[in-house]
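I opened my notebook to get to know this structure a little better. Here is what I looked up, entry by entry.

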Amino acid sequence: MKLDGFGILVKDMPVMVRFYRDVLGFEIKEAEDTKNVFLEKDGTLFLMYGRRDFEKMANRSFGYADGVNGHYEIALSVENFAEVDKAFQEVVAKGAEPIMEPTTEEWGQRTCYVADPEGNLVEIGSFQP
């Protein structure tokens, strides 16, 4: 098996489509009222499923975390340390919730975190000074 992509189950598809499209720059071509979003970002398949729609398809219900949660992160990379700082400021100005301001970690990565509207963590980082 090889990794093809990943998906997240979303409560409010229009809000999440606008965030990933308008704040993070994902190329989402589906309408905001769609049930499922299938897109490719830098060679990785990224999916957003409406929670109720997925539960109906699977014929079962699931539990979901509320608020900012640490179940997983979506990691995005930028060219260098200066771009980490710039991207953080840009996405926060567009409405991302700041979680951790840009910091250079002991392992040599400059990284920061924001949360999407449903509390999922998004990392922006670089290993290039």
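**Entry 1, the sheet.** I found an open sheet of 3 strands in the order 1-3-2, with mixed pairing; two strands pair if DSSP finds at least two bridges between them. Strand 1 (5–10) and strand 2 (36–41) stand at the edges with a single partner strand each, so one side of each has no neighbour in the sheet. From one strand to the next, the twist averages 15 degrees. I noted that strands here are DSSP runs of E with at least two residues, while helices are runs of H or I with at least four, numbered from the N terminus.

**Entry 2, how to read it.** This is a predicted model, where local features need pLDDT of at least 70, side-chain atom pairs count only at pLDDT 80 or more, and totals for chains, interfaces and linings use all residues. Residues are numbered from 1 along each chain as its sequence is written, and side-chain values use heavy atoms, leaving out hydrogens and water.

**Entry 3, strands 2 and 3.** I saw that strand 2 and strand 3 (residues 44–50) run antiparallel, joined by 6 bridges. L39 stands opposite F46 in strand 3.

**Entry 4, the helices.** Helix 1 (residues 13–23) packs on the sheet, touching strand 1, strand 2 and strand 3; contact means heavy atoms within 4.5 Å. Helix 2 (residues 51–58) also packs on the sheet, touching strand 1 and strand 3.

**Entry 5, E118.** I looked up E118 in the loop between strand 6 (110–115) and strand 7 (121–126). Among the residues that E118 touches are L9, M16 and R51.

Methods:
Axes fitted to C-alpha atoms, helices over the stretch in contact; angles between N-to-C directions. Lists of a residue's contacts leave out its neighbours within four places in sequence.
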